[in-house]
Amino acid sequence: MALKLSEKISPEAQKDLLELERKIQQFKEGQIPEERFKAFRLARGVYGQRQLGVQMYRTKIPYGKVTSDQLIKLADVSEKYTNGNLHLTTRQNVQMHYVKLDDSPSVWADLEEAGITSREACGNTVRNVSASAAAGIDPQEPFDVAPYAHAVFEYFLRHPVCQDMGRKIKIAFSSNQEDSAFAYFHDFGFIPKIEQIDGQEQRGFKVLIAGGLGAQSFIAPVAFDFLPEDQIIPFVEASLRIFDRYGERENRNKARMKYLVEEKRGLGLDKFLELVEIERKALPYHHYPIDHNRMTPTVIPQPIQAQQVDISDRDKFNTWVKTNTFEQKQPGFYGAYVTLPLGNIKAAKARKLAAIVKKYAADDIRITVNQGFLLKYLREDLLPELFVALDEINLAEPGFDSMADITACPGTDTCNLGVTNSTGIAEQLEKVVREEYPHLLLDNTLHIKISGCMNSCGQHMAANIGFHGSSIKKGALIIPALQIVLGGGIEPGGRGSIADKVIKLPTKRVPEALRWLLNDYDQHSEEGEYFNDYYRRQGKRYFYDLLKPLADLTEVLPTEFMDWGRDTNFIPEIGTGECAGVSLDMVSTIIGDAEERLSLSLGALEEEHFSDAAYNAYGAMVIGAKALLLSIDVSCNTHTGIMRDFDEHFVSTQKIVLDSTFKEKVLRINQQKPDQRFTYDYVHEAQSFLDQVKAYRTKQALENNNLDDKMVIGNFYKA
């Protein structure tokens, strides 16, 4: 059935939706190889799930802002097409699971009507731009960072540089120096500052670059102590161009920004920034002022008469006020956090929450980076009513952002990469904290984070006490295990720390391990000593020795061979991560992709979008060159490597005739600003180059007496 598109959907989104529907049909008819189709759908938010035949569908919600009507739409769509559950992520997105592939265009179309996209929510793209949920109402903020996050989101959505990168890029804006958005482990992190320049206040940002979690974690170094606000988008664009050109692509494990900027094996920060500065002259904007009024202003709710309510559990209410509410920078108004266990909320409950927001709060809900909600502009006299309304739908649990508010990825519930069940152990540890250590509900300096594997979707390396999925062999059987990491997170004052791996334990022993850690901290720490300071004072070996008795496998109970929430023995079932590139493709298909990029370039040229036209022409030439290199079994891992190798194997041998080296021809793009004359010439040079590539490919096939496409073992989409 043909997709029906509403007039509410933008022309750009309509084009995306029709393309997704067409590609799905071509894939089903066998016209597109599975791996190539995977790369396409990922960039549209459609992610393969652990269960066969269904997908995880991810939205892209900049800085986590949703209205009550958007929340209702998400709830309606989840019931119509999925299992009726909304999962909030650490990147302030909403995910839905068990979506049929054929339904994904309809899911997207329904959400686009409400202004929610999924374009570039997954895959090797600029991912969702996150920000402190309290941005705009944070009493400590120099200014509201939300307009900047929104501008970056809009600018790079569908941007040519973001379509074929070696890996994903993550960007975060924190509202103040305490770094509540975890800028320190992002590819680009921005922390707002105001400086006096020539006697006037100027807004800008401390800029962090090339941080990251995962199997090897990096704290982002400072690129600029102060970068004026109109420079952030030019800086990011120039940086992405350098990442696109120099970044590793063949070895996916080394294809992140953090490895490119690394001092020992990468370019190093100084060299990277030097290349960025050179690239600036080729940008369409050398200054990009941020329109602070571009966003729809938050409408403050009208006052209503407070009603007398019966609060049955006064202690719970008092704790909730202490832990889940705060006074905004706007006098007389409060923010209130909603804790969601595991970041999950059913559709019916989401609709009820939306009704509560419409009655008591501003229509500006923020998804938090620890998988909850923030409600804004609440009047103090209405807090008791709000608490009762939330409590009636079991959303008034105190202890937001405390040790009991555990961050966890879905793990083996749905993820191909999950080793162990993150959600089951999270529920057990939350129970331990709430029942045995209730005083920790008032402490927001201690955090637990859990990932089902080492890739850190649950941000375990940024936790005081973190865990990631693993396994331990015991005879012929496998014990589900968790690696314990300690000492990560945001230090007082905003300094970021990466946790240390300490010891691996069977999952069923982890609740006891948490008790030992908390009891030891309570008994031996100094008055007021922060957990990470205590960890560093005692040392990693101390904690290894403390927990080592729990690692003794001399006696293992039958239940310890079962993961939490499972009733059968553990069997590791690790699939392939869906952020990877293609591992098998055909030369002519790659040339077809180069032609597609050229078509986009010509379209942008016609519309006088000169920067987009030039960059798509750049991509067309590099992809075309890559196709011929792969046809002679020359591997490709960076754009700069493609340029070098193409000159060696094709230009210097006169197999392809150019009026300069291929590298010189391609890199004309970074020699000047893309004005009309340059762009016209550059695009048509790309067109002429691809004509030569296609002619050579035809000649190559005829000479080899082989008109069939050569199968290329390699990683096309990584280069």
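Which residues have the most contacts inside the largest nonpolar core? In this predicted model, they are Ile-171, Phe-173, Phe-188, Phe-235, Leu-240 and Phe-646, and the core to which they belong has 91 residues. Helix H17, which covers residues 610-631, gives the most to this core, contributing 15 residues. A further core of 60 residues lies apart from it, and includes Tyr-360, Leu-375, Leu-378 and Phe-387.

Phe-188 offers a good place to look at the packing of the 91-residue core. With its neighbours within four places in sequence set aside, Phe-188 is in contact with Ile-169, Lys-170, Ile-171 and Ala-172, with Leu-208 and Ile-209, and with Phe-235, Val-236, Ser-239, Leu-240 and Met-257. Ile-171, Phe-235 and Leu-240 thus appear among the contacts of Phe-188, and these three are also listed with the residues that have the most contacts inside the core.

Turning to the protein overall, the secondary structure comes to 20 helices and 24 strands. The radius of gyration is 26 Å, close to the 27 Å that the globule rule gives for 719 residues, so the protein is as compact as a globular protein of that length. The C-alpha trace spans about 80 × 65 × 60 Å along its principal axes. Of the 719 residues, 59% are buried. When contacts between residues at least 6 apart in sequence are considered, 71% of them join residues at least 24 apart. The accessible surface comes to about 29,300 Å², and carbon and sulfur atoms account for 48% of that area.

Strand S19 is a helpful element to follow next. This strand runs over residues 477-486, and 8 of its 10 residues are buried, so S19 is largely enclosed by the rest of the structure. Strand S18, residues 465-474, pairs with S19 in the antiparallel sense through 10 bridges. Within this pairing, Ile-465 has Leu-486 of S19 as its bridge partner. The two strands form a hairpin with 2 residues between them, where Gly-475 adopts a positive phi near 65 degrees. S19 is also joined to strand S22 (residues 500-506), by 6 bridges and again in an antiparallel arrangement.

One residue of S19, Gln-483, brings these pairings down to the level of a single side chain. Is Gln-483 buried or exposed? Its relative accessible area is 11%, under the 20% cut-off, so Gln-483 counts as buried. Gln-483 stands opposite Lys-504 in S22, while its side chain reaches the backbone oxygen of Ile-503 at 3.2 Å. Beyond its neighbours within four places in sequence, Gln-483 is in contact with Gly-466, Phe-467 and His-468, as well as with Lys-501, Val-502, Ile-503 and Lys-504.

Elsewhere in the model, 5 strands form an open sheet with antiparallel pairing, in the order S3-S14-S15-S12-S11. The edges of this sheet are strand S3 (65-66) and strand S11 (325-327), each of which pairs on one side only. For S11, the partner is strand S12, residues 333-338, and the two are linked in the antiparallel sense by 3 bridges. Phe-326 stands opposite Gly-335 of S12 in this pairing.

Technical notes: Residues are numbered from 1 along each chain as its sequence is written. This is a predicted model: local features need pLDDT of at least 70, side-chain atom pairs count only at pLDDT 80 or more; totals for chains, interfaces and linings use all residues. Side-chain values use heavy atoms; hydrogens and water are left out. Buried means under 20% relative accessible area, exposed over 50%, partly exposed in between (1.4 Å probe, protein chains only). Helices (H or I, at least four residues) and strands (E, at least two) are DSSP runs, numbered from the N terminus. Two strands pair if DSSP finds at least two bridges between them. A polar contact is a pair of N or O atoms within 3.5 Å; within protein, one must be able to donate a hydrogen and the other to accept it, and residues adjacent in sequence count only if both atoms are side-chain atoms. Contact means heavy atoms within 4.5 Å. The radius of gyration is taken over C-alpha atoms; the globule rule is 2.2 Å times the number of residues to the power 0.38. Accessible areas come from the Shrake-Rupley method with a 1.4 Å probe; for residues, only the protein chains shown count as cover. A nonpolar core is a set of buried Ala, Val, Leu, Ile, Met, Phe, Trp, Tyr and Cys residues joined through side-chain atoms within 4.5 Å.
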